[in-house]
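Trainee: Please take me through a close look at one part of this model. Start from a single residue and work outward. Keep it brisk.

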Amino acid sequence: MSTAVTQQVDEVKSTPWSGGKSPFDVEYGKMMMWFFLLSDAFTFSSLLISYGALRFSAPTWPSPSLVFQSVPGTSIEHGAPLVFVGLMTFILIMSSVTMVLAVEAGHRNSKKEVVWWMIGTIIGGLMFLSCQALEWNHLHSEGFWWSAIPNAHTLQEFFKDGIPLAQQQMSSHQFANLFFTITGFHGFHVFSGVIINIIITVNVLLGTYQKRGSYLMIEKVGLYWHFVDLVWVFVFTFFYLV
Amino acid sequence: MSSETTHGHAAGAEHEEHDTMTKGRIWKVFFILLGITCIEFIIALWLAPTYHWPSHWINPIYIVLTLFKAFYIVAYFMHLKFERVGLALAIIVPILFIIGLILVLTNESHYWIDLRL
């Protein structure tokens with residue numbers, strides 16, 4: 001009789017929110033990484049939404065298929081829109097896959113595999129950063145920079161015919177500032193992600209997580225890395241496609 | 001998901017069987033992401049210029065496809081689909097506030113363009 005009553009009481013208390021244990025069932029550092037990423041998501045969405053608002057309110061805008069039609073680092077200067085940024089997107093998605101494979105190897109406590117997948121992720125990140133450096137350098141050589149735009153002759157290439165020069169100049173100024181600020185902020189995230197990945201890989205090599213008995217740290221940096229990929233998905237759509 | 005939790009506890013102290021990312025699933029998600037990106041490229045490079053689709057048609061398509069990609073990254077790569085419902089809600093519900101900012105600023109930008117023209 002009394003045991004039956006106890007069992008019933010215990011059953012009531014075993015729901016996730018009845019206290020005594022974390023309702024989220026997640027380690028503290030991982031939960032804090034999620035909340036940090038949430039705040040970072042707000043920062044990036046504020047930037048992207050202000051870009052949207054400025055673009056909506058502009059009478060004209062430089063056409064993405066005309067601004068980004070070259071493949072920097074090669075001799076292709078015209079007629080290849082989206083090719084270079086497609087490569088960048090592929091590199092970043094690929095590095096996300098190697099990251100999630102590192103997490104998967106961590107679940108199996110396979111140190112060697114974790115190291116190789118982490119090195120793959122770092123290489124992917126460095127390749128993405130190099131591509132971005134080429135892209136920035138190309139735009140800079142055309143005359144774009146923070147509050148700097150190309151001369152009137154070059155500017156005309158980026159617009160459909162018949163748009164007055166004053167409108168071209170105003171929207172190009174906004175485009176240049178927003179492009180370098182937003183891709184720069186994203187690139188800075190990629191850069192810090194690469195640094196964090198390198199630190200974690202060194203720790204894996206030193207055997208820190210093997211001693212600790214879990215590769216949970218790989219999951220935490222993995223969350224950050226996927227977030228960087230997630231932001232790029234939006235930057236890609238709103239700067240290169242729309 | 002909460003029913004799964006209570007079930008896991010009823011079964012005893014044994015670690016709850018966790019549905020998680022396997023290698024096969026990782027590559028499946030990768031090909032979905034790659035496929036969606038390819039669709040975006042086909043629209044941007046071929047369909048839109050050939051059939052002269054207006055931008056107020058294509059842009060919503062791009063945004064929906066982007067949200068699909070975002071779902072796959074967050075749910076599978078970031079593992080949120082396999083976390084407790086409470087954690088998923090704590091992350092996703094605040095994100096919905098962004099919709100408010102989008103509505104306010106698009107409305108405002110229509111006012112700005114009227115001022116400029």
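**From one loop residue to the contact between chains**

Mentor: Start with B:His79, which is partly exposed, as 18 other C-beta atoms lie within 10 Å of its own. The cut-offs explain the label: 20 or more would count as buried, and 12 or fewer as exposed. This is a predicted model, so keep that in mind throughout.

Where does B:His79 lie? It sits in the loop between H3 and H4 of chain B. Look at its backbone next. B:His79 has a positive phi of about 70 degrees, yet it is not a glycine. Most residues other than glycine have a negative phi.

Chain B has another histidine to look at. B:His52 follows H2(B), and its phi is positive too, near 50 degrees. Chain A also offers a case. A:Leu82 is not a glycine, but its phi is positive, about 70 degrees. It lies in the loop between helix H3 (64–67) and H4 of chain A. A:Leu82 is partly exposed, because 19 C-beta neighbours fall inside 10 Å.

Now step back to chain B as a whole. It has five helices and zero strands. Along the sequence the pattern reads α-α-α-α-α. The domain assignment splits chain B into domain 1 (22–82) and domain 2 (84–117). The C-alpha centres of these two domains of chain B are 21 Å apart. Of the 117 residues in chain B, 13% are buried. Take the contacts in chain B between residues at least 6 apart in sequence: 67% of them join residues at least 24 apart.

How far should you trust chain B? Its mean pLDDT is 84, and 85% of its residues reach 70 or more. The start of the chain is another matter. Over residues 1–17 of chain B, pLDDT stays under 50. The model has nine contacts beyond four places in sequence for that stretch. Where pLDDT is low, the predicted coordinates should not be read in detail. For the model, ipTM is 0.88 and pTM is 0.88.

Go back to H2(B), the helix just before B:His52. H2(B) covers residues 23–51, which makes 29 residues. From first C-alpha to last it reaches 40 Å, close to the 42 Å expected at 1.5 Å a residue. It does have a kink of about 40 degrees, centred on B:Ile43.

Which residues of H2(B) are buried? They are B:Val29, B:Leu33, B:Glu40 and B:Ala44. An α-helix has 3.6 residues a turn, so residues three or four places apart point the same way. Check the numbering of the four with that in mind. These buried residues pack against H4 and H9 of chain A, together with helix H3 (55–77) of chain B. That leads us across to the other chain.

The contact takes 36 residues from chain A and 44 residues from chain B. On the side of chain A that touches chain B, three helices each supply at least two residues: H2 (28–57), H4 (83–107) and H9 (216–241). H2(A) gives the most, with ten residues. Sorted by class, that side of chain A has 22 nonpolar, eleven polar and three charged residues.

Take H2(A) in turn. It has 30 residues and reaches 44 Å from its first C-alpha to its last, close to the 44 Å expected at 1.5 Å a residue. Its buried residues are A:Trp34, A:Leu37, A:Leu48, A:Tyr51, A:Ala53 and A:Ser57. What do they pack against? In chain A, they meet helix H7 (165–206) and H9. In chain B, they meet helix H4 (85–95) and helix H5 (97–116).

H9(A) has now come up with both helices. The buried residues of H2(B) pack against it, and so do those of H2(A). Why call H9(A) largely enclosed by the rest of the structure? Because 24 of its 26 residues are buried. Its length also agrees with the expected one: 26 residues at 1.5 Å each should span 38 Å, and the end C-alpha atoms are 37 Å apart.

For contrast, finish with A:Arg108. It is found in the loop between H4 and helix H5 (111–142) of chain A. A:Arg108 is exposed, because 10 other C-beta atoms lie within 10 Å. Set that beside B:His79, where 18 other C-beta atoms within 10 Å make it partly exposed.

Methods. Residues numbered from 1 in each chain as written. Chains lettered and ligands numbered in written order. Predicted model: local features only at pLDDT ≥ 70, side-chain atom pairs only at ≥ 80, totals over all residues. Contact = placed C-beta atoms within 7 Å. Helix = DSSP H or I, 4+ residues; strand = E, 2+ residues; numbered from the N terminus. Nonpolar A, V, L, I, M, F, W, Y, C, P; charged D, E, K, R; others polar. Domains from an automatic or database assignment. Expected span 1.5 Å × (residues − 1). Bend = angle between axes of the 7 residues up to and from the residue. pLDDT = per-residue confidence, 0-100.
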